[in-house]
Amino acid sequence: MHAKHAFLIYMKKISCKDINPETSCTYEASGDTAKQVVGKMMAHLKSDHMNDLKGMNDGEIRSMIESKIHG
Ligand SMILES: [Zn+2]
């Protein structure tokens with residue numbers, strides 16, 4: 001499903017707790033577009049949460065993040 005918005009300024013957010021409520025990590029990625037947020041969160045997961053990714057590939061990580069982004 002596409003979630004395209006007509007407005008260019010639209011703050012998107014995702015935190016590590018959105019992905020895993022049990023984590024003690026307080027990292028939060030935000031940006032104007034889902035693409036920016038996904039990029040930031042991907043980089044963070046790969047540097048700090050490699051063990052939690054359990055061999056997921058980039059496409060799987062990306063769709064997991066996209067499914068949990070909120071505005
Ligand atoms: Zn984290």
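**Exercise 1. Describe how helices α2 and α4 cross and pack.**

Solution.
Step 1. Start with the handedness. In this predicted model, α2 and α4 form a right-handed crossing.

Step 2. Find the residues that touch. Helix α2 brings A34, V38, M41, M42 and L45 to the contact, and α4 brings I61, R62, I65 and E66.

Step 3. Sort them by class. Seven residues in this contact of α2 with α4 are nonpolar, two are charged and none is polar.

Step 4. Add the geometry. Two packed helices are described by an angle and a distance, both taken between their axes. Here α2 spans residues 34-48 and α4 spans residues 58-68. Their angle is about 125°, and their axes lie 10 Å apart. Therefore α2 is oblique to α4.

**Exercise 2. Which sign does the phi of K54 have, and is K54 buried or exposed?**

Solution.
Step 1. Recall the usual case. Most residues other than glycine have a negative phi.

Step 2. Check the residue. K54 is not a glycine, yet its phi is positive, at about 45°.

Step 3. Locate it. K54 sits in the loop between α3 (50-53) and α4.

Step 4. Count neighbours. K54 has 7 other C-beta atoms within 10 Å. A residue with 12 or fewer counts as exposed, so K54 is exposed.

**Exercise 3. Outline the fold of the protein chain.**

Solution.
Step 1. Count the elements. The chain has four helices and two strands.

Step 2. Put them in order. Along the sequence, the pattern reads β-α-β-α-α-α.

Step 3. Look at burial. The chain has 71 residues, of which 11% count as buried.

Step 4. Look at contacts. Take those between residues at least 6 apart in sequence: 39% of them join residues at least 24 apart.

How values were computed:
Residues numbered from 1 in each chain as written. Predicted model: local features only at pLDDT ≥ 70, side-chain atom pairs only at ≥ 80, totals over all residues. Axes fitted to C-alpha atoms, helices over the stretch in contact; angles between N-to-C directions. Parallel < 35°, antiparallel > 145°, perpendicular 65-115°, else oblique. Left-handed = near helix turned anticlockwise from the far one by under 90°. Contact = placed C-beta atoms within 7 Å. Nonpolar A, V, L, I, M, F, W, Y, C, P; charged D, E, K, R; others polar. Buried ≥ 20, exposed ≤ 12 C-beta atoms within 10 Å, placed from the backbone.
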